[in-house]
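Biologist: I'm new to this one and would like a close look at a single part rather than a quick tour of everything. Could you pick a spot, walk me through its surroundings, and then link it to the rest?

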Amino acid sequence: MTADTVAAAAAGTWTLGDLEVNRLGFGAMRLTGSAPFHQGAPSDRDRAIGVLRRAVELGVNHIDTADFYFSRLRSANELINSALAPYPDDLVIATKVGPARDADGAWTAPARPDQLRGQVEANLRGLGRDHLDLVNLRLMGQDSLAEHFGALAELRQAGLIRHLGISHVRPEHLAEALTIAPVVCVQNRYGIDLPGGAPMLHDCAARGIAFVPFFSVAGAGCEAGAVRPERDEVRAVARAHGVSPARVRLAWILHQGAHVLAIPGTGHPDHLADNVAAGALRLTEDDLTLLDATRRPAD
């Protein structure tokens, strides 16, 4: 791996509203410990800060985080603030609201519409900012997002939020949100071995909205990480290119459309470099045929 191949810009760019970002970004969920949230051992603070600074050095200018990303001793937002403030002018930090955890880390009832301002303000405090570049409303099983998204639209009008997105949603949620305020991105589960997802992928493409998959590397492991045996097809493509399976998975994600952004997360500097290098990996038609064959019929 050479320095030339490890650059987030190699993946190309996309515009979130009026904010241009490299399509290869960084997810902060795994910064706080050996496992997400309150599970596992807290991360080494210095190494986590080093990973964030190195990510920016490699051209990452889109970081995904949330106030509810914390472990017993670490907060993702505080780590980002400590590592990167004063923030580079081109750095876009996306946050999420909706889910809620208490001080002990236990999940509580999702926020009501009138509680979303408090969650937005918590993100502002943790990140040390006077506005948030992008806030995603993470749905927790609601049939309608109108009240929650409307509350965020009011905060956008008030200047606390620049752009809005939605997460864990269906196409009908996107259509509903667009009647309330502009939507610049959709965050949903999507990956080589994650069922479904194609309707939203294509809907976003047709509307010119960024599609931002999560668990693209972890796949079916979700929060637990890539704990399953790797698929033979992914291993075969990885061997052919002399790269890791994770890099193949990310390259496949980026190949799904110019509007697709990747936000792989890690607390390890070597994994960071490998993830960012996925932006320069060009899969062949044969590679894609092999990898696409692993997709389940659910799409």
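Modeller: Let's start at His168, which sits in the loop between β9 and α5. Keep in mind that we're looking at a predicted model. The backbone does something worth a look at this spot: His168 has a positive phi, about 60 degrees, and yet it isn't a glycine. Most residues other than glycine have a negative phi. As for cover, His168 counts as partly exposed, because its relative accessibility is 39% and the partly exposed class runs between 20% and 50%.

Follow the chain on from that loop and you get to helix α5, residues 171-178. Which of its residues are buried? They are His173, Leu174, Glu176 and Ala177. Looking down the axis of α5, you'd find these buried residues within an arc of 165 degrees, so they line one face of the helix. And what lies over them? The cover includes α4 (146-157), β9 (161-167), β10 and α6.

Let's zoom in on one residue of that helix, Ala177. Its relative accessibility is 0%, so Ala177 counts as buried. Leaving aside residues up to four places away in sequence, Ala177 touches Leu145, Phe149, Ile166 and Val183. For a sense of distance, take Ala7: it is 170 residues from Ala177 in sequence, and their C-alpha atoms are 34 Å apart in space.

Two of the elements covering α5, β9 and β10, also belong to a sheet. That sheet is open and has seven strands in the order β3-β4-β5-β8-β9-β10-β11, with parallel pairing. At its edges stand β3 (26-27) and β11 (210-214); each has a single partner strand, so one side of each is left without a neighbour in the sheet. The partner of β11 is β10, residues 185-189, and the two pair in the parallel sense over five bridges. To find your way along that pair, look for Gln187, which stands opposite Val212 in β11. Packed on the sheet here is helix α6 (residues 198-207), touching both β10 and β11; its direction and that of β11 make an angle of about 155 degrees. So α6 turns up twice in this picture, because it is also part of what covers the buried residues of α5, contact here being heavy atoms within 4.5 Å.

Keep going past β11 and there's another unusual backbone angle. Phe215, in the loop between β11 and α7 (232-241), has a positive phi of about 65 degrees although it isn't a glycine. Phe215 is buried, since its relative accessible area of 15% falls under the 20% cut-off.

Further along is helix α8, residues 245-255, which is mostly covered: nine of its 11 residues are buried. Among them are Arg247, Arg249, Trp252 and Leu254. The elements covering the buried residues of α8 include β11, α7, α9 (269-277) and α10 (285-292). After α8 comes Gly257, with a positive phi near 160 degrees.

Now a look back at earlier parts of the chain. Leu52 lies in helix α1, residues 45-57, and its 0% relative accessibility means it counts as buried. Not counting residues up to four places away in sequence, Leu52 touches Phe26, Leu31, Ile63, Leu79, Ile80, Ala83 and Leu84. One more backbone detail is in the loop between α2 (76-84) and β5 (92-97), where you'll find Pro86. The peptide bond that joins Ala85 and Pro86 is cis, with omega about -5 degrees. Most peptide bonds are trans.

Finally, step back to the whole chain. Its secondary structure comes to 10 helices and 11 strands. A compact globule of 299 residues would have a radius of gyration near 19 Å, and this chain agrees with that at 18 Å. Along its principal axes, the C-alpha trace spans about 50 × 45 × 35 Å. Of the 299 residues, 55% count as buried. Among contacts with a separation of 6 or more, 73% come from residues 24 or more positions apart. The chain exposes about 12600 Å², with carbon and sulfur atoms supplying 51% of that.

Key. Residues numbered from 1 in each chain as written. Predicted model: local features only at pLDDT ≥ 70, side-chain atom pairs only at ≥ 80, totals over all residues. Heavy atoms only, no water. Pairing = 2+ DSSP bridges. Helix = DSSP H or I, 4+ residues; strand = E, 2+ residues; numbered from the N terminus. Axes fitted to C-alpha atoms, helices over the stretch in contact; angles between N-to-C directions. Buried < 20%, exposed > 50% of the residue type's maximum accessible area, 1.4 Å probe, protein only. Arc of directions from axis to C-beta. Rg over C-alpha atoms; globule rule 2.2 N^0.38 Å. Areas by Shrake-Rupley, 256 points an atom, 1.4 Å probe, with all protein chains shown as cover.
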